[in-house]
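Ready for some practice? Work through the exercises below with the model open beside you, and try each task before you read its solution.

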Amino acid sequence: MSECGGFRWDNYSGLSATVRLFPYIEQTARYEAILNYGDICGKDPTPSARIWDLFFGQEEYRGMISGIQCPSSTSYGAPSSHAQNARTNIVFCMGDGTSKLDAPGYHPNYTSRPVTQANRRGLFHMMAWKSFGACTDGTSNTAAVSEAESAAAGYYEPSVKGGVHQAPDAYPDDTYYYPEFCMNGARSVDDPNIINTPSDTWRGNFFQDGRAWNFFHTVIPPNGPSCIGPGVWAGSYTAGSNHTGGVNVGMLDGSIHFVSDTVNCGDLSEHQVISGKSPYGTWGAMGSPSGGESLTAL
């Protein structure tokens with residue numbers, strides 16, 4: 001649903017949360033230039049094809065934005081290999097919602113299949129807007145943002161931190177995503193820093209892109225592999241950085257915590273739930289805004 005009401009499947013619905021933060025990080029001119037390509041509420045809509053053309057070609061998408069890049073990134077300071085676009089290392093939390101990442105639960109094709117409604121499990125999701133009231137577990141207990149490496153090699157990034165493994169085995173019953181298949185099978189047996197069967201990904205290459213590759217899940221531990229399944233719209237994207245032993249995570253109350261690679265991730269053989277406590281331990285509890293978990297009790 002768009003900010004103006006009604007379902008929309010277009011570029012404006014897919015803008016990242018990063019763009020919305022630009023007025024607060026001295027990027028107001030860039031913010032206004034991006035939104036000036038057409039009225040976001042559809043009063044004077046720009047044709048879809050033209051929107052996508054502008055999405056990748058205009059000056060306000062290019063260069064470097066230091067406030068959304070981490071100096072530890074291997075691609076720090078370098079533009080994306082795609083259209084010289086500005087990179088980002090800031091990703092937003094989808095909690096433990098791993099199934100049907102390309103649309104929120106009210107998408108007309110998925111309202112009859114509650115298991116696919118990943119937006120129930122995280123505070124952020126493509127084309128879904130939630131207020132602070134959705135965070136019933138408390139803002140100090142709920143992850144909002146973290147870090148991720150940019151895919152330096154472009155579409156088929158081979159590294160564990162920047163790439164995404166194509167993992168059809170994670171879907172043995174063709175309904176649920178099972179993260180243990182990713183955790184145990186994504187890395188090359190010859191080099192644990194390389195993934196098997198890299199999928200195409202734009203992770204970190206387009207700051208303005210609000211699709212799943214600019215999010216992270218609190219499922220597989222930080223600096224673990226990311227995996228995507230058939231159709232590329234179910235799986236888990238993992239927080240990662242080049243800091244030793246973990247990642248920085250920003251909570252919804254504005255506090256920053258360092259989360260270890262060894263954080264308790266519960267039972268990775270479990271599939272996504274649609275309500276209640278996360279099956280993925282402390283890490284899963286940090287990502288679910290309304291799971292009823294208390295981090296102090298875990």
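**Exercise 1.** Decide whether C182 and C227 are buried or exposed, and find how their sulfur atoms are arranged.

*Solution.* Start with the surroundings: both C182 and C227 are buried (under 20% relative accessible area, with exposed meaning over 50% and partly exposed in between, using a 1.4 Å probe and protein chains only). Before going on, note that this is a predicted model, where local features need pLDDT of at least 70, side-chain atom pairs count only at pLDDT 80 or more, and totals for chains, interfaces and linings use all residues. Residues are numbered from 1 along each chain as its sequence is written, and side-chain values use heavy atoms, leaving out hydrogens and water.

Next, look at the sulfur atoms: those of C182 and C227 lie 2.0 Å apart and form a disulfide (a pair of cysteine sulfur atoms within 2.5 Å). The count by this rule is one disulfide. This pair links distant parts of the chain, 45 residues apart, with C182 in helix α4 (residues 179-185) and C227 in strand β5. Helices (H or I, at least four residues) and strands (E, at least two) are DSSP runs, numbered from the N terminus. Finally, the angle about the S-S bond is 85 degrees, and the link of C182 and C227 is right-handed.

**Exercise 2.** Why does S226 count as buried, and what does its side chain reach?

*Solution.* First, place S226 in the loop between β4 (215-216) and β5 (227-228). S226 counts as buried because its relative accessibility is 1%. Then follow the side chain of S226, which reaches the backbone nitrogen of T238 at 2.8 Å.

Definitions and conventions
Polar contact = N/O pair within 3.5 Å; in protein donor to acceptor, adjacent residues only side chain to side chain.
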